Each structure stands twice: as structure tokens, then as C-alpha cells.
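Colleague: Could you take a close look at the aromatic pairs for me, and then walk outwards from them to whatever they lead to? I would enjoy one connected account.

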Amino acid sequence: MTQPSQWLRPALLAAQAYHVPDATGYLKLDAMENPYPLPPALHDAWLAALAQAPLHRYPDPQAHALRQQLRARFDLPQAAEILLGNGSDELILLLCLALAGSGRPVLAPEPSFVMYRLLAQACQMPYVGVPLQAADFSLDTAAMLAAIAQHQPALIFLAYPNNPTGNLFDAEALRAILAAAPGLVVLDEAYAPFAQASTLSWLADYPNLLVLRTLSKFGLAGLRLGYLVGAPAWLHELDKLRLPYNINVLTQLSCTFLLQHTPVFLAQAAQIRSDRAQLAAALQALPSLTVYPSAANFILLRTPPHQADTWFKQLKAHGILIKNLSPAGGLLQDCLRVTVGTPTENQALIAALQAMV
Ligand SMILES: *Cc1c(COP(=O)(O)O)cnc(C)c1O
């Protein structure tokens, strides 16, 4: 009998599946979702727009209307091309597939978004993680430049702001990396709605830069839409690897419709930014908790030594699900990450923590 283990790649057999905990019944502050649903009138209008969806037809393979809408709404540079992904995760995979080859590493700071490492490894690319500075999670520019010189990475990922640390890297450090990189640099702006900072205008200066965005943190995580922006010379080649109908009819229609109402989402993002400041202040008032500054819709916390697992479990017992980063170890030892929720949800989190610490 043929055994799966006889044929499956050893690295795959050794890998773990990306684990998403069951959040049923919990106050969900673990996944950086926007806590606000569509306003009822917009929800009704969206359903009416969906009623025309031709489910018996394949979607537009180029998603023309949606790409046009993204261009207009997010003021994307005229000279840039746009490539759509089923979430930005799919675009990270596409980038790895396109650049994979022997002796072609992927490089990223550590800690950062885990998909960079997981998807590089899925494509059998060596992965180089360069530690951030322990004190404030800023880029160690000298270490980054030394690692770039040594490993000659084909692909560098930098999340701006960074997940799970929440900070914006120094712009001069990013420029130094862009200038030194022998290959492609992807600046991942998943949290752009909360950072009010963007490197889109840098595309004109750096032909080796692509900017990655997503609608997930904007309020549309369920639709799975990511987009990559940059020079046609890169994106037209990457497009050859994209599966023909990767953005389904419902996502194309929904996003094209909902992006006409960006002020709704921008107002939600503004609310979340203001609630982030309040939540950070309330967390800071708790004894023995280190609160890191955030330009995203989440906040990184550090508990006293060896307390993170206990706090995480106690919050869960209170019905609140957050992210325990402590098992990742390294710079994330004793760290927890909380998503900014509604004011009521944030209050519930603070009340639960007050009862614990
Ligand atoms: C959440 C997140 C993404 C988004 O992934 P999607 O597949 O678009 O939902 C991308 N990059 C970073 C750094 C993130 O934190």
C-alpha cells in the first residue's frame, strides 16, 4: 500500500498546520478584525447589489471593475500595476513561488508576520530572520544590512506597521534596506488604515519595491481581498502564476460596491484609532504590564516573567480570546497581543485584567 509519508515532502510532514483557535462564543480580540459590521442601510444595499451576481458564470479573470475602484479609492500611483490576491496571504505565496530557487533566501525581521516564514518554507526557500532591537522592536539597521550583504536575499518582507509588535519602522532604515537589497522588497501595509502612513509614493524611487495591501483589517476580512501595487515589470510576470479566477464573483461584486462607501470604513478606522489610545492608556494604568506603542489596530503587551500563559488562560475563562505570543519565545517571551475592539469590548478586557493583576 502506498503510504502518504513515502511521497509527501519531508519538510511538509514535519510542518504544523497554521492553527486558528475555535472562537465560538468568545469575545474575539485575537485576529485584528474590525469589530464593526456594515451599517444596516449599507448592508441592505450590498445585498441588493449581490442579487445580480451571475453565479453560473466564471468571474472576470482580471477583475477590471474592482481594480479600477481600488485605484480610485486608494489613490494608487498612475504608473503602478495592481495584482489581486485571495487575501494578501495568497500574494505572499505567489511572490515566493515566483522567486524560489536554490540559494535564494527570503529575509524578514523577527518577530514579524509568521506567514513570511511559513510560505517561504512551503516554497522550499531558505528563510533568514533578523532580530529586531529588544528594547523597542525597532529595526536593527546594521544587522539587516549585514544579513542582506551576507545572504543576498531574493525577497525581503517588511510589515509597516509590523505585526505582532505594532510599531512603524523608521523610514530612513527602510530606505537604507531598499537601497542595499539585491532583490525584491515588499512593504506590507496591512494596517495602513490605522497607521496613516504609507510608502506608496516611494514606488517612483525604488524599482525593487512592491507595496502589499489588504481589505482584511479595513473591515472586510471575510471577503479575502489583498492587492499588490508596483511596477508592471514585476506584476505582469507574477500574474502568470496567479490562478485564473482567484477572486470570486461575490468578492468582486461586494468589494467593488463597498469601496464606493469608503467613508464608512474610514470612519470606523478613525474610531478604532481613538479607542486604541484609550485602551492603551487603560492598560498602562494596570500595574506590572508593559504596553508597547501601536500604529495598528492591536496592542502588544508584556506581562511579568512567566505570567503570559496564565493571563491568557484566565482571560479565556472570562470569555475573552486574545493572542498568546509567549510560546513563540525569543523577543516575544511573556508577550500577549490584543485587538482593539468596540469601546464595550475594550472595557470588558480591562475589567477582566483588573480582576486578575
Ligand atoms: C493580517 C495581515 C495580513 C493580511 O492577510 P490577508 O490574507 O489579507 O487577510 C497581511 N500581512 C500582515 C502583516 C498582517 O498582519
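**Aromatic pairs and their surroundings**

Modeller: Gladly! Let me begin with Phe157, which is buried, at a relative accessible area of 0%. Please keep in mind that this is a predicted model. The ring partner of Phe157 is Tyr116, and the two form a stacked pair because their centres are 4.5 Å apart and their planes meet at 5°. Tyr116 is buried too, again with a relative accessible area of 0%. Tyr116 sits in helix α6 and Phe157 in strand β5 (residues 155-159), so their pair ties together parts of the chain that are 41 residues apart in sequence.

Next comes a pair with another geometry: Tyr191 and Phe298 meet edge-to-face, at 5.1 Å centre to centre and with 75° between the planes. Here, too, distant parts of the chain are linked, since Tyr191 belongs to the loop between β6 (184-188) and α9 (192-195), while Phe298 is in strand β10 (residues 298-302), 107 residues apart. Tyr191 and Phe298 are both buried. A search of the whole structure finds 9 aromatic pairs, and there is also one aromatic cluster, formed by Phe74, Phe218, Tyr227 and Phe265.

Before leaving helix α6, have a look at Val114, which is placed in this helix, residues 114-122. Val114 counts as partly exposed because its relative accessibility is 35%. The C-alpha atom of Val114 is separated by 9.5 Å from that of Tyr18, although their positions lie 96 residues apart along the chain.

Tyr191 takes us on to the ligand. Of the 14 residues around the ligand, Tyr191 is among those that come nearest, together with Ser88, Asp188, Ser216 and Lys217. The shell divides into 5 nonpolar, 5 polar and 4 charged residues. A polar side-chain atom of Asp188 lies 2.6 Å from a nitrogen atom of the ligand. On the oxygen side, a polar side-chain atom of Lys217 is 3.4 Å from an oxygen atom of the ligand, and one of Arg224 is 2.7 Å from a ligand oxygen atom. The protein covers 93% of the 390 Å² of accessible area that the ligand has on its own. Two elements, α5 (88-99) and α10 (216-220), give two or more residues each to the shell.

The cluster offers another route, through Phe218 and Phe265. The backbone oxygen of Phe218 is reached at 3.2 Å by the side chain of Asn34. Asn34 is found in the loop between β1 (27-28) and α3 (40-50). With a relative accessible area of 12%, Asn34 falls under the 20% limit and is therefore buried. The side chain of Asn34 also makes a polar contact, at 2.9 Å, with the side chain of Gln268.

Gln268 brings us to helix α13, where it is one of the buried residues, as is Phe265 from the cluster. Others buried in α13 include Ile272, Arg273, Asp275, Arg276 and Leu279. This helix runs over residues 262-284, 23 residues in total. From its first C-alpha to its last, α13 reaches 33 Å, close to the 33 Å expected at 1.5 Å a residue.

How values were computed. Residues are numbered from 1 along each chain as its sequence is written. This is a predicted model: local features need pLDDT of at least 70, side-chain atom pairs count only at pLDDT 80 or more; totals for chains, interfaces and linings use all residues. Side-chain values use heavy atoms; hydrogens and water are left out. Helices (H or I, at least four residues) and strands (E, at least two) are DSSP runs, numbered from the N terminus. The expected span of a helix is 1.5 Å times one less than its number of residues. Buried means under 20% relative accessible area, exposed over 50%, partly exposed in between (1.4 Å probe, protein chains only). A residue is near a molecule or strand if one of its heavy atoms lies within 4 Å of it. A polar contact is a pair of N or O atoms within 3.5 Å; within protein, one must be able to donate a hydrogen and the other to accept it, and residues adjacent in sequence count only if both atoms are side-chain atoms. Accessible areas come from the Shrake-Rupley method with a 1.4 Å probe; for residues, only the protein chains shown count as cover. Ala, Val, Leu, Ile, Met, Phe, Trp, Tyr, Cys and Pro count as nonpolar, Asp, Glu, Lys and Arg as charged, and the others, Gly among them, as polar. Rings of Phe, Tyr and Trp (its six-membered ring) pair if their centres lie within 6.5 Å; planes under 30 degrees apart count as stacked, over 60 as edge-to-face and the rest as tilted.
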